[in-house]
Amino acid sequence: MAAETLKLEIVTPDGVKLAESVEQFTAPGVEGEFGVLPQHAPLLTALTAGIVTYTQGGQSHAVAIGSGFAEVHADRAVLLTDKFVTKEALDPVRVRLELKEVDEELDRFTGDPSTPEYAELVHRELWAATQLELHGDPPPARVRPLELAFGESYKAEDVETTSDAASQPN
């Protein structure tokens with residue numbers, strides 16, 4: 001008896017990048033990673049840049065995708081994304097240089113974090129980090145100020161404080 005499979009397609013504006021019958025896959029949703037097996041309930045969700053892993057013939061494979069949308073229906077899954085790369089196709093030296101450049105631009109950024117310019121920089125940073133993760137050499141985590149991470153301005157007076165030492169974290 002043959003194992004049950006589902007058809008996985010990954011499509012970019014340049015066309016179909018992957019079309020395979022797979023036993024299962026995981027993908028990076030905006031609310032967290034999710035997995036899909038054959039006979040999965042219908043699903044429509046947004047994707048974030050990350051790694052898609054899939055099992056085919058008992059072997060695991062991985063590719064990197066950008067943001068987009070996923071639809072699962074009737075043993076067919078279509079991932080519509082703005083970017084796609086396989087481990088074999090990426091150039092880690094070029095990606096590291098891109099990550100260094102975008103990190104420097106983000107460090108120098110003085111504008112409003114809610115602007116499209118800032119969002120594009122963050123998008124570029126995430127895509128470079130995703131590619132390096134696929135390569136097996138993820139960059140170290142970056143810590144950005146809260147106002148840059150969340151697009152809001154935080155002030156000390158907005159944070160509730162207490163003088164009770166017992167309520168303070170260790």
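Lys7 sits in strand 1, where strands (E, at least two residues) and helices (H or I, at least four) are DSSP runs numbered from the N terminus. This is a predicted model, so local features need pLDDT of at least 70 and side-chain atom pairs count only at pLDDT 80 or more, while totals for chains, interfaces and linings use all residues. Residues are numbered from 1 along each chain as its sequence is written, and side-chain values use heavy atoms, with hydrogens and water left out.

With a relative accessible area of 32%, Lys7 is partly exposed; that label covers the range between buried (under 20%) and exposed (over 50%), using a 1.4 Å probe and protein chains only. Setting aside residues up to four places away in sequence, Lys7 touches Ala19, Glu20, Ser21, Asp75, Arg76 and Ala77, a contact being heavy atoms within 4.5 Å. Lys7 and Ala74 are 67 residues apart in sequence, yet their C-alpha atoms are 9.4 Å apart in space.

Next come the charged pairs. A salt bridge here is a side-chain nitrogen of Lys or Arg within 4 Å of a carboxyl oxygen of Asp or Glu, and the whole structure turns up 7 of them. One joins the side chains of Arg76 and Glu9, at 3.1 Å from N to O. This pair links distant parts of the chain, with Arg76 in strand 9 (residues 76–81) and Glu9 in strand 1 (residues 6–12), 67 residues apart. Arg76 is partly exposed at 40% relative accessibility, whereas Glu9 is buried at 14%.

Another salt bridge brings together the side chains of Arg96 and Asp137, 3.0 Å from N to O. Arg96 lies in helix 1 (residues 92–108) and Asp137 in the loop between helix 2 (116–135) and helix 3 (146–150), so the bridge ties together parts that are 41 residues apart in sequence. Both ends are partly exposed: Arg96 has 31% relative accessibility, and Asp137 has 36%.

Arg124 also pairs up, this time with Glu105, and their closest N and O atoms are 3.5 Å apart. That links helix 2, home of Arg124, to helix 1, home of Glu105, across 19 residues. Glu105 is partly exposed, at 24%. There's a wider group here too, as Glu98, Glu101, Glu105 and Arg124 are linked in a network of salt bridges.

Now for the greasy parts. In soluble globular proteins, nonpolar side chains tend to be buried together. A nonpolar core is a set of buried Ala, Val, Leu, Ile, Met, Phe, Trp, Tyr and Cys residues joined through side-chain atoms within 4.5 Å. The largest one has 19 residues, and Leu8, Ile10, Phe25, Val52 and Leu79 touch the most other members. Several strands each supply at least two of its residues, including strand 2 (15–22), strand 3 (24–29) and strand 6 (50–56). Strand 1 gives this core its largest share, 3 residues. Beyond its neighbours within four places in sequence, Val52 is in contact with a list of residues that includes Ile10, Phe25, His61, Val63 and Leu79. Apart from the largest core lies another, of 9 residues, among them Val95, Leu106, Tyr118 and Leu121.

Finally, the rings. Rings of Phe, Tyr and Trp (its six-membered ring) pair if their centres lie within 6.5 Å; planes under 30 degrees apart count as stacked, over 60 as edge-to-face and the rest as tilted. That rule gives 1 aromatic pair. The rings of Phe109 and Tyr118 have centres 5.0 Å apart and planes at 50 degrees, so the pair is tilted. Phe109 is buried at 19% relative accessibility, and Tyr118 is buried at 5%.
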